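Here are my notes on the internal cavities of this model. Please read them beside the coordinates.

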Amino acid sequence: MLELKQVSFSYGAKQLFDNFSLALQEHQITTLIGPNGSGKSTLFRLLTRAIKPSAGEIVLDRQDIWQLPVKDFAKKVAIVHQQNQLYDQMKVIELIKMGRLPYHSLLGDEEDDNAQLQAIMQELEIGDLADKYMAQLSGGQQQRVWLATALAQKPEYLFLDEPTTYLDLHFQYRFLDLVKKLNREQNLTICMILHDLNQALQYSDQVILLNHGQIQKQGNPEEVITEALIEKNFGIKCQIAETQQGKYLLMSGTEAK
Amino acid sequence: MRKKVIWINLILTILLIGTIYFALIHGASDFSLQKMTNSQLNIMFNIRLPRIISALVAGAALSVSGAFFQATLRNPIAEPGIMGISSAASLFQLLAAIILPGIFVGKIVFSIIGGLGAFALLLLFQKRMTPYQLIIIGVALNAVFTGMQDVFTNNQNGGTSLATSSWSSTMYLLIIGVIGLILAIVFMNWANYLKVNDEELTSLGVSPQTLRIVLMLIAVLLAATATACIGVLAFIGIIVPQIARLILGYDYQRIVSFSMFAGAWFLLFVDTIGRVIIAPNEIAANVILAIIGGPFMILILWRRQKNA
């Protein structure tokens with residue numbers, strides 16, 4: 001169980017979170033949504049141990065994550081960051097092997113992991129890319145390599161920071177389908193930030209709507225992504241359309257229009 | 001790739017043996033191995049041989065040191081010679097000569113302290129600077145240390161160079177240098193990890209700061225020891241690893257191994273050329289390296305600019 005207990009956090013003088021508590025539902029896909037500056041990235045960074053809260057604690061299986069050795073945290077929690085850097089000197093296989101670092105001494109031999117890594121690469125359909133440099137791959141392939149690196153960590157929790165941002169539509173949905181499959185088949189607890197509310201509606205078990213550093217609403221997607229809440233928090237007029245495949249959000253524009 | 005590595009090793013071995021042989025018998029006076037006088041044997045064993053060994057070890061040490069600097073600072077033109085590490089080592093070695101005259105170990109220890117001091121200064125700046133700004137800081141530090149040294153030496157050369165190699169300085173260089181090079185081989189894979197950014201490394205359970213400090217300590221040890229024994233030599237730490245990347249790609253296990261052997265050969269080659277080309281006079285290795293190294297550095301930056 002990963003939870004925030006009465007956490008406070010501020011950027012300089014600006015307090016973003018005050019006495020904030022939250023528990024991630026295990027084995028589910030939780031999506032964080034909210035307008036820019038709502039605190040979702042900060043929350044993501046708090047949960048993934050990138051920034052330290054000024055008060056309160058973040059607890060993983062009853063242990064404060066800041067008391068855990070970095071390696072132990074990495075065995076349980078894997079993160080796919082938003083990639084804005086091109087790795088022109090890094091080969092695919094080199095990167096994926098690094099996913100095993102939490103389990104090895106830094107000077108150790110990693111040969112026994114090969115079968116495991118091969119299986120992950122097959123699963124993500126990147127088996128034939130092993131010897132390519134990262135910069136030679138398409139955005140969708142790069143994203144899958146980062147996911148493979150995260151899976152090599154054999155985590156219980158997988159965090160995805162806007163995983164669809166640099167992908168075209170086809171790869172956005174292909175990636176999210178993969179995420180859903182991993183959640184169902186490997187029982188991974190997944191937490192991601194998404195900007196596309198229709199994707200949030202379709203791919204989440206839980207949605208957390210944040211604004212002004214507070215949870216505006218938390219629950220299943222259909223409870224959270226409603227016309228009223230979206231209009232109130234994003235300033236967008238919209239309409240929920242029901243189809244045979246499920247509910248969709250149709251945006252009709254800002255109030256300023 | 002395996003075939004390529006075998007070929008490169010073969011070529012380097014032949015070059016090394018050929019150049020060592022050439023350097024032994026050529027110089028201010030040329031010898032013939034068949035009939036050598038006692039004084040010629042003396043020159044060969046007590047003057048040329050230590051100089052050859054010094055060049056080999058220092059060339060390997062400075063090239064590997066350069067490769068580690070580039071990995072840890074994520075910068076292709078980082079190098080101990082142009083970033084003030086070597087000149088700080090040299091300045092401190094001069095202080096040792098004043099405080100503890102005649103004790104060679106003192107010179108080496110002081111050099112390493114000086115190198116570490118300059119490295120600590122660079123670390124202080126590193127957090128706030130882009131890689132290229134950091135190079136400029138390094139160049140500025142270099143100017144300061146060199147200037148301070150000039151004050152002590154009254155603007156004359158500090159005196160240590162390959163030409164002053166003796167068996168005693170060579171033995172120190174050989175022992176500490178080889179220890180440093182073995183450490184470099186043990187830890188060279190860490191340089192590969194640093195190709196990934198710090199945030200990413202942390203989430204993989206690795207402390208980037210630990211990687212960086214260990215590699216930098218090895219790099220400083222290598223550069224400072226070489227500097228204490230043969231003086232400041234810039235650019236070799238950029239040229240050799242960069243050629244390794246061009247030929248072998250970006251795996252630091254390959255870059256470091258190549259830099260070790262190619263660096264050893266390259267410095268011996270440069271020194272030998274300088275020794276024979278206008279014999280009985282000499283052109284110092286640092287002069288030749290600067291003449292080649294400056295344009296080479298511009299070329300690297302030019303290529304990167306074009307690729308960017």
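1. A term first. Ala, Val, Leu, Ile, Met, Phe, Trp, Tyr, Cys and Pro count as nonpolar; Asp, Glu, Lys and Arg count as charged; the others, Gly among them, count as polar. On that scheme, the lining of the largest cavity has four nonpolar residues, three polar and one charged.

2. Status of the model. This is a predicted structure, and the totals for linings use all residues. It holds two cavities of 30 Å³ or more.

3. The largest cavity. Its space comes to about 50 Å³. Chain A lines it with A:Ile79, A:Trp146, A:Thr149, A:Ala150 and A:Gln153. Chain B lines it with B:Glu200, B:Ser203 and B:Leu204.

4. Which elements give two or more residues to the lining of the largest cavity? They are α5 (139-152) of chain A and α7 (198-203) of chain B. The largest share, three residues, comes from α5(A).

5. The second largest cavity. Here the space is about 40 Å³. The residues that line it are A:Gly140, A:Arg144, A:Leu167, A:Phe171, A:Arg174 and A:Phe175. Two or more of these lining residues come from each of α5 and α6 (169-186) of chain A. The most come from α6(A), with three residues.

6. Chemistry of the second lining. By class it divides into three nonpolar residues, one polar and two charged. The polar residue is A:Gly140, because Gly counts as polar in this scheme. The charged pair is A:Arg144 and A:Arg174, because Arg counts as charged.

How values were computed:
Residues are numbered from 1 along each chain as its sequence is written. Chains are lettered from A and ligands numbered from 1 in the order in which they are written. This is a predicted model: local features need pLDDT of at least 70, side-chain atom pairs count only at pLDDT 80 or more; totals for chains, interfaces and linings use all residues. Side-chain values use heavy atoms; hydrogens and water are left out. On a 1 Å grid over the protein atoms alone, a cavity is a set of points where a 1.4 Å probe fits but cannot get out, and a pocket is an open set with protein on both sides within 12 Å along at least five of seven lines; lining residues have an atom within 4 Å of a point. Grid points are joined across faces, edges and corners, and a volume is the space filled by probe spheres set on the points. Helices (H or I, at least four residues) and strands (E, at least two) are DSSP runs, numbered from the N terminus.
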